[in-house]
Amino acid sequence: MKNKKAFYAYASNRKDLLEDIHEAVKIINDSKGITITTWEDLAISGKSIIKGILRAIDDCDLFICDLTYLNFNVLYELGYAISKEKKIWITLNKSHAKAVANYRTLKSITTIGYAGYENSKELANIFFSEAPHEYSESIDIKSSQVDITRNLIYLTCEKNTNASNKVSSLIKKSSLPQKMDDPYEGNQPLSWYLNVLPNALGVVIHFHTKDSEEENPIITARKALVAGMSKGWGLKTLLLAHEPFQAPLDYQDLLKIHSSANECETYFKEWFDPVLTDYKSLEEDYTEYKSEQKALGKLSSLIIGDYVAENENHDLVEYFLETAEYKEALNSQQVLFVGRKGTGKTANLIKLKNELSADKRNFIIPIQPQGHEFEGILNIFTKLRSEAEQGHLIESIWKCLIYTEMAKQYFEYLDALPLHHQRSKQEEEFFEFVKKNERLINADFTLRLDNIISSLSNLTQSQSMEEQRLKVSEYLHDTVIKQLRDHLGNILENKEKVTILIDNLDKNWNDNAEIEKLSHLLFGLLNVAHKITDEFHKSSYKHLKVNLSLIVFIRSDIFSRLMSFASERDKIPTKHLSWSEPLLLFRVIENRIQYSRDGITSPEALWDQYFCKEIDRVPLKKFVTDLILPRPRDIIYLFKAALQEAINRGHSKVEEDDFKSAEYSYSEYALQSLFPENGGRIQDLESLFYEFAGENSIITHEQLEEYLEQSNPDRTEELIEILCEMTFIGKEIQDDKFQYYSEKRPSKVINRLAQRLAERNSRSQRYKINPAFYAYLGIEKSKKSQYNF
């Protein structure tokens, strides 16, 4: 019988691990049951060592790796082994304090278990006990599991740098279907990569300047893992990194380290142009293949799509659910869309842009500034002493940026028209005006902002407030804005509708942001929005009237913070994106599946044919409604995970066990989705959540204080309110009924109940952990208590 072979990967620069691993490998090899080869046994010097390592992985029956430290070379090799469907066995030296915590934080691979050891003998004994070469499982990559859609996969840089924004912009402007893994949107599970990578058109992975494994290695470690998977599947892959970046040996030959945004753009275009050419030749074949899949009538042909709207640009418009809020935005002069992450802000933007652009009489102007671009405004903002003058400057800058963006995008529209198109006299005058002022208009958003800031950079504290006000007014209002308003009126007067869509305002809202200053900055935008629409709707001897509407999308927790700085809140008309009606959420699923299947005759037929009726004797729809956070993103995630479980198990419909398996994955995702909404208000939020692991679902005020006092004893009441706002916990409003904060204002009944509650002794207050987090935190479901959203 052929002796089985294993390959053991581990960090080369961790001497505290080497002795234990070397001795354990010797003990195991001496048993003659299996031969373990380590990378040190390959006797290959220099850069070519990776070739020998990959050959050894190809030849082995078992891949072993030690992830006590999140070594990037080891993770690259693990990714490669996963793609080759090798049996996997992971080891962790538990005597190292951060080993288990780091491993759990690396969400991509926590579906793979690990063997914990503290010395060489224990490591060898665990190996003999578990016999991983016989009983470990490989990651099952079935063809039915893989996404039939061919996408460009982009793992974005964790920072909004000029270079990363150039790459993002070039990808978004291309015709390629794409899926982005953005750290801002939360961590993707391993199943997501297994789903989207095998058929990918190409993979772009953008590292930041991490040159040390001690410097928060989690994001870089995940990217190294995906780079290895991409290598194993033989995908066209581009690895980019900002200088300085200490390239791991395994993929340093593949990595393009850039020192400027232009250099990064050059590397990207050299790689991207052939990918784009290949896609265009394959597009016709893919369309035919997709049509065939729809007609198969199998569970695997159902297409639910991605739960992140940014990854759904191509198909989202086909199955978008038109809500009352969306229809109002189509016809309103000014709308501020407010909603939590995942409630459909970006989906509404994509649909509005597509719907309005379909009518050639309209002109649509999407504005999506990146996070670092706010920093330039904030730098100027801090130079002014008076809050009144700060507000004046902020509004002036926003007005200038919006006007120049309108001009820039219409200039690009005119420039792209066929040569036989005859421009009007007004268009010719506008075209020449923009060309003469390219520095301020016909440049990237970032560069225009820099130019404005440079022009205002001589504002100093020695100038009087009146001098500052006059300088701002003279430069922005009396020159750029006035002239632009004249030209924009002339060229846009005959448009049926001109719509500005502003998004991405939460990209810089993170734990390191200067929240108060950023709040004033964003509030300045909201405040100037109605002034811009009013100005364009007025006609005078100076300016022509333009039917302009302006729609802004903003996260609800950010909006709440902004309003704490607002003196005139009633001037800002808002529309809250709320999904308190469960039937709407299930229509999201129905729309998506009916889009993918021609044979479904009705929603009833869909649920009867493809989904189980009950889970734990609870009707399916009630089970789902009680479990998820009421957002489209959450219900899509749960159903997509359950569908994938069913396909992998060969089921003809999604069964009870499939939903139960998907519940854990969803629960982990739901908890992760709360982190961006923290905005630095709670330090080490993840550790705080883990304080509730294994506890009862219902807790008293006193118990809650005990959990919170460990992190910040002086802020317990404030932290309780934040956790309620994030819907991590809900307050009891009457016996066994709990109210989780929602986007809608509480009813009068709820207000009366809350008032009575406030009159009680606070010690008698009870709270309930949101059921969405039970599975991941190991909290037992309460069978008696009810809860409402």
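These are my notes on the nonpolar cores, one buried helix and one helix pair in a predicted model.

**Cores.** I looked up the largest nonpolar core first and found 121 residues in it. The residues with the most contacts inside this core are Phe63, Leu78, Phe611, Phe639, Tyr666 and Phe728. I then checked which helix gives the most to it: helix α24 (residues 632-648), with 10 residues.

I took Tyr666 for a closer look and left aside its neighbours within four places in sequence. Tyr666 is then in contact with Leu627, Ile628, Leu629, Asp634, Tyr637, Leu638 and Ala772. I also noted a second, separate core of 50 residues, and Leu488, Ile500, Leu522 and Phe559 are among them.

**Helix α20.** I listed the buried residues of α20 as Ser556, Asp557, Ile558, Phe559, Leu562 and Met563. Helix α20 spans residues 556-563, and because six of its eight residues are buried, it is largely enclosed by the rest of the structure.

**Helices α3 and α9.** I looked up how α3 (residues 72-83) meets α9 (residues 218-232): their axes come within 6 Å and cross at roughly 40 degrees. That angle is why I record α3 as oblique to α9. The crossing is right-handed.

On the α3 side, I find Phe72, Leu75, Tyr76, Leu78, Gly79, Tyr80, Ile82 and Ser83 in the contact. On the α9 side, the contact is made by Thr220, Ala221, Ala224, Leu225, Ala227, Gly228, Met229, Lys231 and Gly232. Sorted by class, I have 11 nonpolar, five polar and one charged residues in this contact. Leu78 of α3 takes part here, and Leu78 is also listed among the residues with the most contacts inside the largest core.

Conventions
Residues are numbered from 1 along each chain as its sequence is written. This is a predicted model: local features need pLDDT of at least 70, side-chain atom pairs count only at pLDDT 80 or more; totals for chains, interfaces and linings use all residues. Side-chain values use heavy atoms; hydrogens and water are left out. A nonpolar core is a set of buried Ala, Val, Leu, Ile, Met, Phe, Trp, Tyr and Cys residues joined through side-chain atoms within 4.5 Å. Buried means under 20% relative accessible area, exposed over 50%, partly exposed in between (1.4 Å probe, protein chains only). Helices (H or I, at least four residues) and strands (E, at least two) are DSSP runs, numbered from the N terminus. Contact means heavy atoms within 4.5 Å. Axes are lines fitted to C-alpha atoms, for helices over the stretch in contact, and angles run from 0 to 180 degrees between N-to-C directions. Angles under 35 degrees count as roughly parallel, over 145 as roughly antiparallel, 65 to 115 as roughly perpendicular and the rest as oblique. A crossing is left-handed if the near helix is turned anticlockwise from the far one by less than a right angle, and right-handed if clockwise. Ala, Val, Leu, Ile, Met, Phe, Trp, Tyr, Cys and Pro count as nonpolar, Asp, Glu, Lys and Arg as charged, and the others, Gly among them, as polar.
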